[in-house]
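Please examine the sequence and the three-dimensional model below. The explanation that follows them is concerned with salt bridges.

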Amino acid sequence: MPVQRDAPASAVTNWPPAPEWVVLRTRRPNVLIAGTYDTTEAVVATLLPYLRPPLYCWTPDASLPAPHEVTTVLIRDVATLSLDQQRALLSWLDLAGPGHAQVVSTVALALFPLVEHGMFLEALYYRLNTVRLDAPAPVVSRTTATD
């Protein structure tokens with residue numbers, strides 16, 4: 001399968017998500033949320049009602065739970081995973097089987113350059129990038145000084 005580049009960043013503007021986002025609960029696709037730490041955390045908080053419990057927040061220093069113990073796994077800043085941790089996650093996804101476990105991950109930078117340089121597993125990239133959400137950019141207000 002050829003490697004595809006990351007899609008151009010396009011801010012998601014209809015937050016909270018429309019009722020069609022119930023697909024997150026019924027079909028449980030893996031979701032990759034791209035943006036800054038603050039914006040991805042806001043998107044995760046918005047999506048929580050749509051995610052099927054039990055929700056497990058995985059940190060790389062902990063072991064992954066047995067696939068039958070959780071339905072949704074949250075991984076913050078997936079780009080920081082070592083290759084060994086990426087392999088472990090990919091194996092865990094294979095054990096869980098399609099449609100059982102959903103992975104919601106966040107990332108602060110484009111993963112494709114990491115795939116190109118062998119720093120992120122191509123197979124894991126495609127597994128996590130089933131549904132991609134670009135977190136809305138923070139709104140910056142500009143004020144002008146008047147004399």
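The paragraphs below take up individual salt bridges and the surroundings of their partners.

The model is a predicted one. Across the whole structure, a search finds four salt bridges, and three of these are described here, beginning with glutamate 41 and arginine 76.

In the bridge between glutamate 41 and arginine 76, the closest N and O atoms are 2.7 Å apart. This pair links distant parts of the chain, its residues being 35 apart. Glutamate 41 belongs to helix H2, which covers residues 37–47, whereas arginine 76 is found in the loop between strand S3 (72–75) and helix H3 (83–96). Glutamate 41 has a relative accessible area of 19%; because buried means under 20%, this residue counts as buried. Arginine 76, with a relative accessible area of 35%, is partly exposed.

Helix H3 also contributes a partner to a salt bridge, namely aspartate 94. Aspartate 94 pairs with arginine 127, and their closest N and O atoms lie 2.8 Å apart. Since arginine 127 is located in helix H5 (residues 122–128), the pair ties together parts that are 33 residues apart in sequence. The relative accessible area of arginine 127 is 29%, so this residue is partly exposed.

A further salt bridge joins arginine 132 to aspartate 134, with 2.9 Å between the closest N and O atoms. Is each of these partners buried or exposed, or partly exposed? Arginine 132 is partly exposed, having a relative accessible area of 26%, while aspartate 134 is buried, with a relative accessibility of 9%.

Key
Residues numbered from 1 in each chain as written. Predicted model: local features only at pLDDT ≥ 70, side-chain atom pairs only at ≥ 80, totals over all residues. Heavy atoms only, no water. Salt bridge = Lys/Arg side-chain N within 4 Å of Asp/Glu carboxyl O. Helix = DSSP H or I, 4+ residues; strand = E, 2+ residues; numbered from the N terminus. Buried < 20%, exposed > 50% of the residue type's maximum accessible area, 1.4 Å probe, protein only.
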